[in-house]
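Please examine the model shown below, with attention to the empty space left among its atoms. The paragraphs that follow treat an open pocket and then an enclosed cavity.

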Amino acid sequence: MLAVCRKEMRETLRDRRTVLAALVLPVVTMPLVVLAAPALAQRQQRALQARPVSVAVEPDGLRALLATGLRAGVVQLREPRDTREAIRRSEIDAAVVGQPAAGPADPPGAARIEILYDESRPASAEAARRLADLMAQDAAAGIRSDPGDPTVPQSGGAVAVVLVNVATPERMGGALLASSLPLFLAVWALLGGQYAALDVGVGERERGTLEALLVLPARRWEVVLGKFLAVLIPSSAALLIALTSGVASLAAGGRLLATGPVRVALPPEVVCGALAVGLGLAAFLSSAQLTLSLAARTLREAQQAFTGLYLVTVLPAVLIPLAGVTLDQPWTPIVPVVNAVWALRGLLIGQIEPARLALVAGTLAGLTMPLLAVSVRQLGTPRAPIR
């Protein structure tokens, strides 16, 4: 038994790719995850704190509560027609609205101030917290009186600041989906076609049937296209199942994960956009797997290459939610995998333009073609077995 174990270990260590996959990749990826995750979260927090807060104030007398922020330039006033709708459409970050105190026990001059914000948007939630801090600071310095308006606190009057989330249950459901669904869609788009890619590529090479395809009357690109479809179909099926089961699971148990009203439902336009991006990602990953499988000399070598592809797919999907607003860059829609996860998150929370969505889908389709061209070349290239 020990002799067999020593023999197998020597064979394993002789293959440098096995050592790379088992020892080197964890050494590289673990520090990347451990260090990158908090760094991205801190960078997003700094970006949110550095940007000015766009806010609407009703009535105008409450602007005195934001005097410090206005002088420092950290608060910018806006005057939208519909305050709540402007917050939901990301036209403004928050709104400060005065309400007269209704309780008979309230002291004279007291008032209730509501800060309206959208909990589904990190920028709006951070803006609400910053506004509450600024108002608390300015309230201590005194407020101008406005005896004719009961919604404005009088000088020396009590101020009750209340945060009010104006996001609809559907929008909160979209934010809940965006927190996890893009990751699982990317993973299953990759894993769904993995075994098919191994079988139609290096699997056929090891069985000796790959060369037989070259004597068929079909041209090489037709053979590669057939193999590509054999990988793409199970990958797309896994993606569709993951999308359906993910939405159904969160629709059933979303109330357990959220503090407010949540309704998980995808409008038809969001479903169409998610399918376009998801199938584009499945096509790109399927072509990459097929290329790696045809380039491998053994099944073990192909599996090791797939490990690297898995990490390249999963790491962005894990880290992108932490990047948040800092990821809104011109290059984001053209970086494969990153663009798909970013676009799926934007779709679910309603923060991506149709033009950028089309750019993401087109980029994934455009990158699939060169990979298939490489597969055509790999199809007829003999591979010597590893000694």
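Which element gives the largest share of the lining of the second largest pocket? In this predicted model, that share belongs to α6, which contributes five residues. The helix α6 spans residues 169–178, and it belongs to a group whose members each supply at least two residues of this lining; the others are α11 (268–295), α13 (338–349) and α14 (354–379).

The second largest pocket itself has a volume of about 350 Å³. Its lining comprises 23 residues, and those closest to the pocket centre are Val270, Leu347, Leu348, Ile349 and Gly350. Divided by class, the lining of the second largest pocket holds 12 nonpolar residues, together with six polar and five charged ones.

Attention may now turn to enclosed space. Rolling a probe the size of a water molecule over the atoms reveals where empty space remains. With a threshold of 30 Å³ or more, the count comes to one cavity. The volume of the largest cavity is about 30 Å³. Its lining is formed by Leu181, Leu185, Leu243, Leu266, Ala274, Leu344 and Leu348. Two or more of these lining residues come from α7 (181–191), and two or more likewise from α13.

What is the class make-up of the residues in the lining of the largest cavity? The lining contains seven nonpolar residues, with no polar and no charged residue. Leu348 appears both among the residues closest to the centre of the second largest pocket and in the lining of the largest cavity. The helix α13 likewise supplies residues to the lining of that pocket and to the lining of the cavity.

Methods:
Residues are numbered from 1 along each chain as its sequence is written. This is a predicted model: local features need pLDDT of at least 70, side-chain atom pairs count only at pLDDT 80 or more; totals for chains, interfaces and linings use all residues. Side-chain values use heavy atoms; hydrogens and water are left out. On a 1 Å grid over the protein atoms alone, a cavity is a set of points where a 1.4 Å probe fits but cannot get out, and a pocket is an open set with protein on both sides within 12 Å along at least five of seven lines; lining residues have an atom within 4 Å of a point. Grid points are joined across faces, edges and corners, and a volume is the space filled by probe spheres set on the points. Helices (H or I, at least four residues) and strands (E, at least two) are DSSP runs, numbered from the N terminus. Ala, Val, Leu, Ile, Met, Phe, Trp, Tyr, Cys and Pro count as nonpolar, Asp, Glu, Lys and Arg as charged, and the others, Gly among them, as polar.
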